[in-house]
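Hi,

Here is the structure I said I would pass on. Have a look at it first, and then read my notes below.

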Amino acid sequence: MQAVDPRTLDPAHPRRVVIVGGGYAGLTVAVTLAHRARAGDGIEIVLVDPRPYQQALSELDLVAAGTPRPQFAELWYADVLRGLPIKVVHDRLENVCTAEQCVEAGPRGGPVVRIPYWRLVLATGAIPFVPPVPGLRERAITMWSVDDALALQRSIEEQFRHAVTICDAAERACALAVTVVGGGATGVEIVGTIAKRLPRMIARAGHDPAELTVTLIEGRPDILYDLPEIQRVRARQRLEKMGVHVLLGRNLQSVDATTAYLEGDVAVPSPVLVWCGGAHADPDAVQWGLVSDNSGRLVCDENLKAQGHDAIYVVGDVAAFRDPSSARVLPMLAQFAIREAEHAADAVLREVRGGPTRPFVPNMHGEFVSVGPGWGVGWMFHMNIWGWPAIVMKRVTYIMYWVQVGSFRLAWKRTVQMLRMRH
Ligand SMILES: Cc1cc2nc3c(=O)[nH]c(=O)nc-3n(C[C@H](O)[C@H](O)[C@H](O)COP(=O)(O)OP(=O)(O)OC[C@H]3O[C@@H](n4cnc5c(N)ncnc54)[C@H](O)[C@@H]3O)c2cc1C
């Protein structure tokens with residue numbers, strides 16, 4: 001890997017593949033191309049991302065709930081891409097000029113440099129969607145970056161330091177409360193980790209963990225809608241066993257500094273409030289002149305090409321790929337992002353070599369959600385799996401990803417880190 005100034009790139013390179021976004025999707029495209037391209041293909045791989053590392057979003061719950069080292073959720077490009085023929089530009093994509101086949105990149109609001117492309121792969125991901133509920137934007141902590149996770153960690157610590165100085169028991173109990181809104185996979189993972197780790201933290205500080213209140217709020221009638229019903233019940237029962245109050249079918253109406261107010265005059269003490277209620281594509285994506293759907297995701301065809309643009313692929317959370325078998329747009333999941341990325345890399349190489357392209361088939365072999373560290377629910381090859389085997393399977397998918405984008409060395413290093421973090 002080589003970090004480059006984009007002005008040093010040859011403006012006339014005939015086969016430059018520019019990949020924008022170095023998350024699960026973008027990194028997979030870059031590494032797959034680097035491994036599979038032959039010298040005769042003549043491609044130059046350029047990865048554009050303002051950050052020097054990929055954020056492992058699915059590990060954020062551990063950083064948020066007291067794990068001291070945020071580095072685990074950071075996959076540094078210099079380490080992962082070592083020795084691979086990939087040029088990295090640390091800038092933001094500001095614009096796509098489809099007619100001239102170039103992107104404009106630079107620091108946000110600063111001068112931009114044009115980078116011409118032969119093929120462009122857009123993999124810019126998504127950001128949290130915070131609806132206009134009064135007080136929500138000001139009070140809630142979202143969960144979409146290492147910074148968000150650290151903000152939650154800080155907020156929990158500050159709130160608890162304050163709470164334990166309160167003498168009145170009822171008042172103290174209201175102050176010792178964390179509420180998570182959103183019963184999808186992200187909300188369940190976050191609330192499970194909080195419910196498991198915080199009581200121990202409180203006990204270590206010499207206080208009564210029974211005073212802690214952890215609440216999960218979901219507007220729909222159940223949590224984890226993507227999972228089979230039996231697995232949803234198991235997850236709910238597990239959360240309740242861990243002391244989480246699960247409030248279903250109640251929408252959030254407003255939020256103030258201490259309380260979340262729900263439909264039906266329900267008030268939930270929420271001095272720390274985490275919003276995991278949804279995500280949408282980066283709003284900038286709709287300004288690039290490509291066709292987008294209602295949530296701002298870029299519409300692509302069966303080959304993952306941006307609608308009407310033969311030289312542009314869109315993959316990962318930013319892409320709205322409609323699965324022909326279900327007629328539904330694929331959910332924002334790392335597993336789909338990686339599958340799409342592998343397909344796009346393969347398609348680029350087929351184009352280089354003049355071979356026929358083939359449509360993308362999103363084969364989903366399984367899905368796992370942790371419900372507190374060490375326990376989870378999910379399915380694999382039509383089989384329901386729960387308890388520690390589900391967590392083992394979830395970890396195996398990470399290890400496979402690390403092997404895929406890095407090497408056995410990276411997978412080994414991170415597996416050891418992962419095991420150490422659990423104790
Ligand atoms: C807390 C949490 C837990 C999750 N847990 C799971 C899980 O257990 N299993 C699962 O399958 N999925 C999980 N997901 C979803 C999964 O993380 C996403 O589906 C996945 O990250 C999508 O990959 P991506 O490459 O499309 O986007 P991302 O991984 O978000 O990467 C996008 C990249 O684009 C870069 N970028 C953005 N805008 C620009 C720009 N203008 N210019 C240049 N670069 C840009 C960003 O810096 C980033 O590096 C979780 C998500 C969250 C938030």
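In what sense do β26 and strand β27 (residues 376-380) pair, and over how many bridges? The pairing is antiparallel, and 5 bridges hold the record of it. Before I go on, please keep in mind that this is a predicted model.

**The sheet of β26, β27 and β28**

Those two strands belong to an open sheet of 3 strands, ordered β26-β27-β28, with antiparallel pairing. The edges are taken by β26 (366-370) and β28 (383-387); each has a single partner strand, so one side of each is left without a neighbour in the sheet. Direction ignored, neighbouring strands here are turned by 10 degrees against each other on average.

If you want to find the register, start from G366: its bridge partner in β27 is M380. On the other side of β27, 5 bridges join it to β28, and these two strands also run antiparallel. There you can use V377, whose bridge partner in β28 is W386.

How many of the residues of β27 are buried? The count is 5 of 5, so the strand is mostly covered. G376, G378 and M380 point one way from β27, while V377 and W379 point the other way, and all are buried.

A helix goes with this sheet as well. Helix α10 (residues 388-405) lies across β26, β27 and β28, and it runs at about 105 degrees to β28.

**The turns of that sheet**

The hairpin of β26 and β27 has 5 residues between the strands, and G372 there takes a positive phi near 85 degrees. The hairpin of β27 and β28 has 2 residues between the strands, and this is the turn I would like you to look at. F381 sits in that loop with phi near 45 degrees, a positive value in a residue other than glycine. H382 is found in the loop between β27 and β28 too, and it has a positive phi of about 65 degrees although it is not a glycine.

Are F381 and H382 buried or exposed? F381 has a relative accessible area of 56%, so it is exposed. H382 also counts as exposed, at 82% relative accessibility.

**Strands β7, β8 and β9**

Further back in the chain there is another strand with its residues covered. In strand β8 (residues 102-106), 5 of the 5 residues are buried, so the strand is largely enclosed by the rest of the structure. C102, E104 and G106 point one way from β8, V103 and A105 point the other way, and all are buried.

β8 has antiparallel pairings with two strands. Strand β7 (residues 92-97) is joined to β8 by 5 bridges, running antiparallel, and L93 has A105 as its bridge partner in β8. Strand β9 (residues 113-116) is joined to β8 by 4 bridges, again antiparallel. In that pairing E104 stands opposite R114 in β9.

Both connections are hairpins. β7 and β8 have 4 residues between them, and Q101 in the turn has a positive phi of about 50 degrees. For β8 and β9 there are 6 residues between the strands, with G109 in the turn at a positive phi of about 80 degrees.

**Two helix pairs**

Helix α5 (residues 146-163) packs with helix α7 (residues 185-204) at an angle of about 40 degrees, and their axes are 13 Å apart. That makes α5 oblique to α7. The crossing is right-handed. On the α5 side the contact is made by L152, I156, E157 and F160, and on the α7 side by I190, I194, L198, M201 and I202. By class, that contact has 8 nonpolar, no polar and 1 charged residues.

The other pair is helix α1 (residues 24-36) with helix α9 (residues 334-352): they pack at an angle of about 35 degrees, with axes 8 Å apart. Their crossing is right-handed too. From α1, the residues Y24, A25, T28, V29, T32, L33 and R36 meet A334, A337, I338, A341, E342, A345, D346, V348 and L349 in α9. Which classes do these residues fall into? They divide into 11 nonpolar, 2 polar and 3 charged.

Let me know what you think once you have been through it.

Cheers

How values were computed. Residues are numbered from 1 along each chain as its sequence is written. This is a predicted model: local features need pLDDT of at least 70, side-chain atom pairs count only at pLDDT 80 or more; totals for chains, interfaces and linings use all residues. Side-chain values use heavy atoms; hydrogens and water are left out. Axes are lines fitted to C-alpha atoms, for helices over the stretch in contact, and angles run from 0 to 180 degrees between N-to-C directions. Angles under 35 degrees count as roughly parallel, over 145 as roughly antiparallel, 65 to 115 as roughly perpendicular and the rest as oblique. A crossing is left-handed if the near helix is turned anticlockwise from the far one by less than a right angle, and right-handed if clockwise. Contact means heavy atoms within 4.5 Å. Ala, Val, Leu, Ile, Met, Phe, Trp, Tyr, Cys and Pro count as nonpolar, Asp, Glu, Lys and Arg as charged, and the others, Gly among them, as polar. Two strands pair if DSSP finds at least two bridges between them. Buried means under 20% relative accessible area, exposed over 50%, partly exposed in between (1.4 Å probe, protein chains only).
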